[in-house]
Protein chains: 2
Amino acid sequence: MQNHQCPRTAGIYSGSLFFRIAKSSWFRYPVDMSETVQTVTERSRHVAPVLAACSGETISTALNAMADSLQQHAPEIFAANNEDILRSQEEQIDLPLLKRLKFDQPKLDGVTDGLRQLAAMENPLGKIQSVRELDAGLILERVSCPIGVIGMIFESRPDALVQIAGLCAKSGNAVILKGGREAMESNRILSRLLHDAGTSAGLPDGWLALIETREDVQALLTRHDDIDLLIPRGSNEFVQYIMHNTTIPVLGHADGICHVYLDKDAETGMAVDISLDSKTQYLAVCNAAETLLIHREAAARLLPPLHEALSSSGVEVRGCEKTRALVPALPATEEDWASEYLDAIISVRIVDSLEQAVEHINTYGSGHTDAIVTSNQAAAELFMRSVDTANAFWNASTRFADGYRYGLGAEVGISTGKIHARGPVGIEGLMIYQWRLRGNGQIVAPYAAGSKRFTHRDIT
Amino acid sequence: MQNHQCPRTAGIYSGSLFFRIAKSSWFRYPVDMSETVQTVTERSRHVAPVLAACSGETISTALNAMADSLQQHAPEIFAANNEDILRSQEEQIDLPLLKRLKFDQPKLDGVTDGLRQLAAMENPLGKIQSVRELDAGLILERVSCPIGVIGMIFESRPDALVQIAGLCAKSGNAVILKGGREAMESNRILSRLLHDAGTSAGLPDGWLALIETREDVQALLTRHDDIDLLIPRGSNEFVQYIMHNTTIPVLGHADGICHVYLDKDAETGMAVDISLDSKTQYLAVCNAAETLLIHREAAARLLPPLHEALSSSGVEVRGCEKTRALVPALPATEEDWASEYLDAIISVRIVDSLEQAVEHINTYGSGHTDAIVTSNQAAAELFMRSVDTANAFWNASTRFADGYRYGLGAEVGISTGKIHARGPVGIEGLMIYQWRLRGNGQIVAPYAAGSKRFTHRDIT
C-alpha cells in the first residue's frame, strides 16, 4: 500500500547541482520574520478553507514535490543545520539535544520516505461517514474534513518539522510551526522549501507558516479565533504550561505516570517480564512504568524475583512500608506516587485489592497507560473498565502504547485529554467532519406544522 | 424502539400522597450549598470512573427511577417552581424568561418521557469500535467510554436540567450543573431528586452536583484538572465569555450568523421559499439566516420577488449598494455582515461569483449553517467543500440544522468548534474511547530488537 522506495540521492553534493540550487526560488522569497503573529494566524485562517477544498491528487502531488525539493536542496539544508550545530556547540547545549538537532542524509531520507508514504496513502478527506434520508429527496451526509488551522510547537528536532508539515498537508490543515531556537536555520530552510514545493503543486500560498520566538508563542496562545487546535510536544512543564495558558484546545500529554498492577493471580514469570520491560525497555519515554502496584496476597511470591530483576538491571526501588518488609528498598513517599521519573527508579506499593489499585491509579496516574497482570479475566475486565486511562492493558507491557505499534501510521502525538482523540493519535486526530444536506427545495415550515414527517432512514 | 408511554399521573396532588412525599429522603439530605466548588469538582472527578464502570442495566434502571421519582414528587416540584415564579415576578424579569421558567405537569411529563426514552435506548458505552491484531495473541480494541466530568451551564429552564442530567447519566458522565438563578428552588429539588433516585438504583453518590452562584461559575472555569468538558447554553455573550475565560475545552456555539447564497442558477421559486423559511420560520434561533448573498447575474430576476416576500412577512431588508439599486432597502454596513439579528431583519449583498460568496461567508460567518440554492451540482459541491461551516446545505433551508431534525436523538447542543464534535451534537458528543490491549505476556523488547514483527491485521 505504501511506497517505501526512496533511493539515496547519490551525487547531490556535486558543485554544479549546488550552483543550480543556490539560485532557486527560496532565496528570492526569504521568510519574512517581521510579520506579526496576528498577521500570520489571520492568513492561516483565511487559507484553511482553500486548502480544505484541494483535491487528494493535488495534496499527493504536493507531498511528493516536497520530498523531491528537500532531496534536491540537501546541501543547503545540511549547511543550515551545520550553522545551528556550531552555534549550539558554542552555547554548550546538552549532548542529547545536540544529537537530536543533527540533520544528516539518513534523517533526510527518513523524512522524505515519510512524505512519499503520506502521498501514497488514501486521501482521508471527503470520506462519507454516514448517510441518512431525512425525508424523500432530503439526504444528510457526514463527511470527513480538516480541522482548519493547527498550531504545532515542538522541540529541537528538524525532522519533526517535516513530519508535522506532511501530516498537516495530508489532512488538509493549514499549519503554524514553532520549532526550537537551536534549530532556527534548519527550520527556516525546511519550512521555506516545504511551503514553496507545496504551493508549486497547487496548495494555497501561506498553507504553512513558521514562527520563531518565545514571544511569538505567547502571542499564538491568544489567537483563539484563528487557531483550532494546538499540539505541543516537549517537556512536561512545557506542555503543562501551554495547556494552562490558552483557551485554544490542546492535544497532547504532559505527564506519563504509568502503572503496572500485579494482581493476586499474576503469573510470576509474566509479572517480572512485563514489569521489567515496562520500566527498562526505554527509560525516558512517556509510556514507561513509574509505579508497580502489587496485590498483598501475591507480594511475598512476586516481590523477591521482581526485586532481583529490577536491581540487576540497575533500577532503584522505592517501596511502601509493606514492600520494605519483604525486600530491601528506599522508602517511597507521597511524592513518589506522583512522580514521572523517566529514569532508572521505580516506586512499589502493596495494595489490599484490585479496587485499591484502581483508586491509586485514578488518584496519582496521568491517564496515559496502565496495565494489569493477571490470569483472571473478570479481574482484567473490571480493571480495564475502571481505570481512567487512555490505554488500559491486560498482560502486556505499557511500552506498546504507541501509534506505530498500534498500526495507526504516522503519529500526531499521544493525548491524555478526554475529548476529540485519546491515546496514540494518528492522522484521524487532525480531522473532523462537516454535515452536508442535499435537498430539492425543502423548507422547515411543513415539518414544524406537522403536515410533513421525517423518515430518518439510515442509508449507510 | 423507544418507549413513549408515560401516562399522566392523575391524582398526584392528593393530600395523603403529599404527606408521604414530604417525609421522603430528599428532605433528610438537603443540598449542601456551603461546599466549595473545588470540593464539588474533586468529588466529581473521583466519582467519574466509578460511574463509567456501571453497567448499562444499572444506568437504565437509574433513568427510570429518576422519571418515577420526579412524577412521585410532582407537588413539591411545582411548589418549588412556584416560589421561583413568584420571586421572579416580584423581580420583574422578562416575560419570555418567566415563560421558560414555568415547570408544570406537561413539562414534567415531557422530561420524564425523555428519561424513559433514554432508559430504553441501547447502551452506548463499551461499544467496540475497532479490533486489530498487533501480533498473534496481542489484540487491540478501541472501546467507547464516557468523557468523565461534564460541566453544564444553562439558563432558566428547569426542564433543561432534567434533560442534561439524563443525557449525562446515559453516557456515564459525572455532571456538574449550574442553572439560572431564577430557577434556584426548582433546580435544587430537581437535582436532589435526580441524584437520589440515581444513587438508589446504583449510580455512585455524587454523580450529579449542583452549583448555584456566579462566583461558583468563576471557580468552575478554573478547575481544568477536574472537568473534561464544559457545555454552556445561553446568550451569545455568555457563551463567548465562557469560551474565552477557561482553559477547559468548551462545546457549544456563540454566534449563529447563517447565510443563504442564491447562485446564478437558483430557481426563482425555490430561492424565495428557502430564503423566507431560513429567515422567518423561527426568528430567534441560531440556525435562522441573517444574510442573503445573491449572484449578480441572478439579482435582477430574484430580488424583486424576494423583496416582496420578505417585506410582506414584515422583514426589514438592509442591502448593499447594488441591492438598493434594484429594490428599496436600508443601507447595510460592515456591521450588518457581522450581526446575528435574531429578529425580523435581513442583510442582502450582491456578489460577483460563488467564490466571493464563499469568501464572504468564511469572513463574516460563524461556522454554523450556510446554504446554497442552485440547480448546478458542480457549483453546489464546490460551495459545500469550500465554506468553513458545520452544516453546508444545498437547496434546503438553514432551519434543518438541528439534532432532532437530523435524527440524532436527544441533543446535547450545537457546536461551532472544530474538534471533537461539530454541528448538532447527540449523545455521541459526550463520549470518547479507550484503547484496550489484551495480551498473554508480550513485551516490547523483541519487537524493538527486530526478532518479532507486528502483524497489524484488522479484525473488524
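These legends walk through close-up views of a predicted model with chains A and B.

**View 1. Chain A splits into two domains.** Domain 1 of chain A covers 30–244, and domain 2 covers 258–405. If you're hopping from one to the other, their C-alpha centres sit 37 Å apart.

**View 2. Chain A meets chain B, with 77 residues of chain A in contact with 77 residues of chain B.** The size of an interface is often quoted as the accessible area lost when the parts come together. Here the area buried between chain A and chain B comes to about 6,600 Å². Carbon and sulfur atoms give 58% of that area.

**View 3. Salt bridges and polar contacts link chain A and chain B.** The tally between the two chains is six salt bridges. To pick out one pair, look for Arg438(A) and Glu381(B), whose side chains meet at 2.4 Å, N to O. Polar contacts across the interface add up to 46 residue pairs, both partners at pLDDT 80 or more. On the side of chain A that touches chain B, strand β16 of chain A (residues 431–442) supplies the largest share, 11 residues. Sorted by class, that side of chain A has 36 nonpolar, 23 polar and 18 charged residues.

**View 4. Strand β16(A) pairs with strand β13 of chain B.** What holds a sheet's strands side by side in general? Strands pair through backbone hydrogen bonds, either parallel or antiparallel. In this view, β16(A) and β13(B) (residues 391–396) run parallel and are joined by five bridges. For a landmark, find Trp435(A), which stands opposite Asn391(B) in β13(B).

**View 5. An open sheet of 11 strands starts in chain A and carries on into chain B.** Reading across, the order goes β10(A)-β9(A)-β11(A)-β8(A)-β7(A)-β12(A)-β13(A)-β16(B)-β2(B)-β1(B)-β17(B), and the pairing is mixed. Its edge strands are β10 (330–331) of chain A and β17 (457–458) of chain B, each pairing on one side only. Zoom in on the chain A edge and you'll see β9 (residues 316–319) run parallel to β10(A), with two bridges joining them. There, Arg318(A) stands opposite Leu330(A) in β10(A).

**View 6. Another open sheet of 11 strands begins with β17(A) and ends with β10(B).** The full order is β17(A)-β1(A)-β2(A)-β16(A)-β13(B)-β12(B)-β7(B)-β8(B)-β11(B)-β9(B)-β10(B), again with mixed pairing. Which strands sit at the edges? They are β17 (457–458) of chain A and β10 (330–331) of chain B, each pairing on one side only. At the chain A edge, two bridges join β1 (residues 128–135) to β17(A), and these strands run antiparallel. Arg132(A) has Asp458(A) as its bridge partner in β17(A).

Methods
Residues are numbered from 1 along each chain as its sequence is written. Chains are lettered from A and ligands numbered from 1 in the order in which they are written. This is a predicted model: local features need pLDDT of at least 70, side-chain atom pairs count only at pLDDT 80 or more; totals for chains, interfaces and linings use all residues. Side-chain values use heavy atoms; hydrogens and water are left out. Domain bounds come from an automatic or database domain assignment. Contact means heavy atoms within 4.5 Å. Buried area is the accessible area (1.4 Å probe) that two parts lose on being put together, summed over both. A salt bridge is a side-chain nitrogen of Lys or Arg within 4 Å of a carboxyl oxygen of Asp or Glu. A polar contact is a pair of N or O atoms within 3.5 Å; within protein, one must be able to donate a hydrogen and the other to accept it, and residues adjacent in sequence count only if both atoms are side-chain atoms. Helices (H or I, at least four residues) and strands (E, at least two) are DSSP runs, numbered from the N terminus. Ala, Val, Leu, Ile, Met, Phe, Trp, Tyr, Cys and Pro count as nonpolar, Asp, Glu, Lys and Arg as charged, and the others, Gly among them, as polar. Two strands pair if DSSP finds at least two bridges between them.
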